[in-house]
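Here is a short tour to read alongside the sequence and the 3D view. Take a moment to look at both, and then we can walk through the main features together.

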Amino acid sequence: MSSTTRTDLPQILTALPGPRARAIVERDHAVMSPSYTRSYPFVIERGEGAIVTDVDGNRFLDMNAGIAVVATGHCHPRVVEAIRRQAEKFLHMSGTDFYYENMVALGEKLAALVPGGGPRRVFLGNSGAEAVECALKLARYAARRDKSIAFLGAFHGRTMGALSLTASKSAQREGFAPLFPGSCHIPYAYCYRCAYNRTPDTCNVECVKVLEQELFRTILPPSEVAAVFVEPVQGEGGYVVPPQKFFDELQAVCRRHGILLVADEVQSGMGRTGRMFASEHFGLEPDIIAIAKGIASGLPLGATVARAELMTWKPGAHASTFGGNPVAVEAALATIELLEQELIDNAARTGARMLERMREWPSRFRHVGDVRGLGLMIGFELVKDQATKERAPELRDRIVDLAFEKGILILGAGPNSIRLAPPLVLTADQADFAVETLEACIEEASRG
Ligand SMILES: Cc1ncc(COP(=O)(O)O)c(C=O)c1O
């Protein structure tokens with residue numbers, strides 16, 4: 001157990017889980033869907049900034065932000081105030097059938113923010129999967145083509161259309177076939193584990209070239225491909241950051257064949273990588289962008305932003321009763337203001353601070369194979385042996401558990417990586433504390 005009087009740092013007072021947490025976990029296991037993937041028994045009571053307190057009074061540093069959602073931290077006063085203000089006026093009206101001003105304001109804001117320039121149109125839903133689902137339907141509708149390309153390791157959500165693009169873990173697909181037809185997957189630019197055994201020096205972007213050199217020639221007529229779906233930084237797959245040339249090549253192939261480029265910025269967007277959208281790091285100009293998670297600091301909201309000439313579908317073609325809920329929209333407007341005023345800069349600065357030290361890990365810890373990231377979207381990969389790169393999933397899980405015991409909430413990503421996606425309000429002290437604690441966890445777990 002650790003103890004500190006600083007309220008901005010963890011303090012563990014009970015054995016974990018404490019008695020109240022244990023009781024809630026037992027009730028949960030008796031009634032809730034067993035499909036949820038909880039790694040450890042953290043039961044939240046309240047949150048403030050990057051600190052969350054459990055039902056037994058233990059304080060944790062949240063290095064995961066509710067899976068990359070609470071961009072402005074837990075309960076940022078300006079977001080809470082925006083929610084309260086809107087809740088006193090009206091909670092719902094349905095933007096599908098009626099008008100309200102803040103929905104338009106958010107549409108205008110998003111249309112102006114997304115990379116690429118030119119007029120945009122915006123559809124508001126409730127989640128990441130819905131944002132992707134909308135993008136998939138829109139791409140088909142606009143292109144009048146029925147095939148899609150996505151990447152191995154990708155996570156795009158769990159509704160049937162989005163799931164057909166997801167290629168992260170087979171457990172997510174098992175038992176649900178047949179999925180939506182027409183999705184084809186190719187290797188992602190996962191340079192640490194290049195599917196073509198290349199190094200950065202010998203890389204000729206084979207993972208994109210395979211499209212024209214193999215697939216388009218053999219099984220996938222490009223004239224039938226509506227869109228390529230890509231995460232600018234692969235999230236669930238392991239926080240994998242591709243090199244610039246991957247995006248250059250991908251964008252060029254799409255343009256050559258009139259294929260729409262859809263950026264899934266559900267996890268990488270809204271300031272997380274130190275830019276509003278991760279696409280901006282690579283000069284990516286997507287035709288359609290899917291956004292969710294961090295957009296409303298915890299309220300459910302998704303957005304699909306498309307070039308205006310693509311989003312010309314007829315009334316009734318796509319809609320959602322709750323999509324663009326006015327309270328969530330107000331939270332999004334407050335979130336975007338905070339991101340623009342200070343938090344994107346903080347993500348860039350604090351992320352760089354963490355990465356500078358973490359990049360030394362492979363030379364300091366024999367079980368850390370790779371460290372990668374942009375802003376406060378940072379991943380590291382655990383291996384049994386740095387030379388063979390054999391994955392070490394048990395070691396990864398042990399580190400996640402040890403971190404919990406020491407008051408740091410982290411989550412795995414991919415088979416053997418750990419992701420850090422803290423609220424963008426993370427302070428330098430909190431970042432240092434997290435890095436030092438994780439170093440202790442890695443050492444302890446490596447001792448066996
Ligand atoms: C890149 C990406 N796309 C889509 C989704 C699906 O979002 P949601 O869980 O809100 O449906 C996720 C969720 O993790 C994601 O990371």
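## Around the ligand

Let's begin at the ligand. The shell around the ligand holds 15 residues, and those that come nearest are Gly128, Ala129, Gly157, Val266 and Gln267. Please keep in mind that this is a predicted model.

Which helix gives the most to this shell? Helix 5, spanning residues 128-143, contributes three residues. Sorted by class, the shell comprises six nonpolar, six polar and three charged residues.

## The chain as a whole

Stepping back, the secondary structure of the chain amounts to twelve helices and 15 strands. The domain assignment gives domain 1 at 1-62 and domain 2 at 78-339. Between the C-alpha centres of domain 1 and domain 2 there are 32 Å.

How does the radius of gyration fit a compact globule, and what would one of 448 residues have? The expected value would be near 22 Å, and the chain has 22 Å, so the two agree. Along its principal axes, the C-alpha trace spans about 60 × 60 × 45 Å. Of the 448 residues, 50% count as buried. Looking at contacts between residues at least 6 apart in sequence, 73% of them join residues at least 24 apart.

## A closer look at threonine 96

Threonine 96 sits in the loop between helix 3 (77-89) and helix 4 (101-113). Is threonine 96 buried, exposed or partly exposed? It counts as partly exposed, because 15 C-beta neighbours lie inside 10 Å, whereas a buried residue needs 20 or more and an exposed one has 12 or fewer.

The contacts of threonine 96 reach far along the chain. Alanine 319 is 223 residues away in sequence, yet the two C-alpha atoms are 5.9 Å apart in space. Setting aside neighbours within four places in sequence, threonine 96 is in contact with Ala319, Ser320 and Thr321.

## An open sheet of four strands

Next comes an open sheet whose four strands follow the order 1-2-3-13, with mixed pairing. Strand 1 (44-48) and strand 13 (408-409) are at the edges; each has a single partner strand, so one side of each is left without a neighbour in the sheet.

For strand 13, the partner is strand 3 (residues 59-62): the two run parallel and are joined by two bridges. One pair to find in your viewer is aspartate 62 with leucine 409, its bridge partner in strand 13.

## Strand 15 and its partners

Strand 15 covers residues 417-420. In a regular strand, side chains alternate between the two faces of the sheet. Here, Ser417 and Arg419 point one way while Ile418 and Leu420 point the other way, and all are buried.

Which strands pair with strand 15 in the antiparallel sense? Strand 12 (residues 377-382) does so over four bridges, and phenylalanine 380 stands opposite isoleucine 418. Strand 14 (residues 411-413) also pairs with strand 15 in the antiparallel sense, over three bridges, with alanine 413 opposite serine 417. Strand 14 and strand 15 form a hairpin with three residues between them. In that turn, glycine 414 has a positive phi of about 65°.

Notes:
Residues numbered from 1 in each chain as written. Predicted model: local features only at pLDDT ≥ 70, side-chain atom pairs only at ≥ 80, totals over all residues. Near = placed C-beta within 6 Å. Nonpolar A, V, L, I, M, F, W, Y, C, P; charged D, E, K, R; others polar. Domains from an automatic or database assignment. Rg over C-alpha atoms; globule rule 2.2 N^0.38 Å. Contact = placed C-beta atoms within 7 Å. Pairing = 2+ DSSP bridges.
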